[in-house]
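Q: Can we walk through this model together? I'd like short answers, please.

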Amino acid sequence: MDALAITPGIPWSVHHRRLAAPRMDAVADGRGVRVRVLRAGLCGTDAEVASGAFGHGPPGDDFLVIGHEHLGEIVEVGPGVDDPALQPGRLVVASNRRPGRSAWDRVGLQDFTADDDTLERGIRGLHGFLVEEYVDDPAFLTPVPDLLAETGVLMEPMSVIEKGLAQVAAVQRRLHIWEPAHAIVVGAGTIGLLAVLALRLRGLSVTCWSRRPAPHRNAALVTAAGARYVSAAETDLPGLVAAEGRADLVVEASGAAELVYPSALALAPNGVLLLTSVTAAARVVPVDLAAWNQAFVLWNRAMVGTVNAARVDFAAAVGTLARAEAELPGWAAGLITHRIPGLDPDAVRDRLRERGDAIKAVVEVGPRGSAAR
Ligand SMILES: NC(=O)c1ccc[n+]([C@@H]2O[C@H](COP(=O)([O-])OP(=O)(O)OC[C@H]3O[C@@H](n4cnc5c(N)ncnc54)[C@H](OP(=O)(O)O)[C@@H]3O)[C@@H](O)[C@H]2O)c1
């Protein structure tokens, strides 16, 4: 079968690989589920892996099959699989992070791992989803309704937001009463837009503050979700707060480290800052730490990050994307701006290198119901 891989450490080495079909007995006790990949999403992490910044394959392999966002169709189920939702023909998504050694990994919370060598499909130590087929354990599979045949490929990034909002809810149980009314989302990329969606579906008033002045596709999606778009070119974050008040929840999703500080200061008393950005490069930003500290201590603000997601968060993501189809039909599909037909290494490399105006680019790996070669 065909796959797209990189040679770890070699920049932009995306290439085609011919691999043996995965074996059902790769999962013990007849619990293997064979999944045909229909579509895989590309994101900034894939670009960093393809650039050679990080990423490595399983022990003994000098290549890594890339891709950690996808939607698949079950084609075969082992005799030890007793979940009636996992049947041939059903759509499914596998999570990418796998359990390691820490206490959290051992109780199924690998997204809270304390290990420093986390296993992540398509990123670290495990092959990813830019491949025709994979075999996996039901413990890592989330069934996806046919309603989401188009947008199910957004499940992985959506699950990051769902995990974040679950963390926010857990933190805010400290207050006994918390009825958030207003949220600010910083950044209008894929993650920011999915945060806008999740918060609007929860009934909050949402302002999305991001770099480029409207009109553009991202701003149009913000307003189509019933939120307000404000450009940094017109108003800075303190100016936004002065104009419309502080927010009960701020979701930082810009990838810009310098925005973390003003995002925290945009919080209302008892508010929460949800951090999503993976800010890889070293960046020194001078801030008034005394003011920052006081803002958190005297006004009981809180800050929490979100990374990857457990199966429960994937299940929540299914719920949110399904509700989006009911309340904002077609909105989530609007995030898929570019489609690459087939496992084309040049097209994937070019898209990862030069993202252009893509919100979410997807690789159409194979049609539903097709036979794997
Ligand atoms: N925690 C996780 O598990 C997880 C998962 C996926 C992604 N992430 C992280 O989440 C962040 C967002 O991801 P994404 O895929 O949505 O990224 P993205 O598509 O690059 O979106 C970033 C958005 O922030 C805006 N922005 C960037 N710098 C800005 C600035 N200085 N001022 C105002 N707006 C600014 C951009 O505006 P323009 O478009 O106008 O430039 C863009 O709309 C990234 O750091 C990514 O690494 C985390």
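**Ligand, domains, strands and a helix**

A: By class, 11 nonpolar, 13 polar and two charged residues make up the shell around the ligand. Ala, Val, Leu, Ile, Met, Phe, Trp, Tyr, Cys and Pro count as nonpolar, Asp, Glu, Lys and Arg as charged, and the others, Gly among them, as polar. This is a predicted model: local features need pLDDT of at least 70, side-chain atom pairs count only at pLDDT 80 or more, and totals for chains, interfaces and linings use all residues. Residues are numbered from 1 along each chain as its sequence is written.

Q: Which residues are the closest to the ligand?
A: Gly187, Gly189, Arg211, Arg212 and Gly255 are the closest of the 26 that surround the ligand. A residue is near a molecule if its C-beta atom, placed from the backbone, lies within 6 Å of it.

Q: And which element gives the most to that shell?
A: α4, with three residues. The elements giving two or more are α3 (155–172) and α4 (190–201). Helices (H or I, at least four residues) and strands (E, at least two) are DSSP runs, numbered from the N terminus.

Q: New topic. How is the chain divided?
A: Into domain 1 (2–151 + 330–364) and domain 2 (159–305). These bounds come from an automatic or database domain assignment. The C-alpha centres of the two domains lie 29 Å apart.

Q: How many residues does each domain put into the contact?
A: Domain 1 gives 11 residues and domain 2 gives 10. Contact means that the C-beta atoms of two residues, placed from the backbone, lie within 7 Å.

Q: Now β5. Is that strand mostly covered or mostly open?
A: Mostly covered: β5 (residues 69–77) has seven of its nine residues buried. Buried means 20 or more other C-beta atoms within 10 Å of a residue's own, exposed means 12 or fewer, and partly exposed is in between; C-beta atoms are placed from the backbone.

Q: What does β5 pair with?
A: β3 and β5 pair antiparallel over eight bridges. Val35 has Ile74 in β5 as its bridge partner. Two bridges also join β5 to β6 (residues 91–94), again antiparallel. Strands pair if DSSP finds at least two bridges between them.

Q: Last one. Which residues of α10 are buried?
A: In α10 (residues 345–353), Val348, Arg351 and Leu352 are buried.

Q: Why are they on the same side of α10?
A: Because they cover an arc of only 100° around the axis. The arc is that of the directions from the helix axis to the C-beta atoms.

Q: What covers them?
A: The cover for the buried residues of α10 includes β1 (2–6), β3 (33–42) and α1 (44–50).
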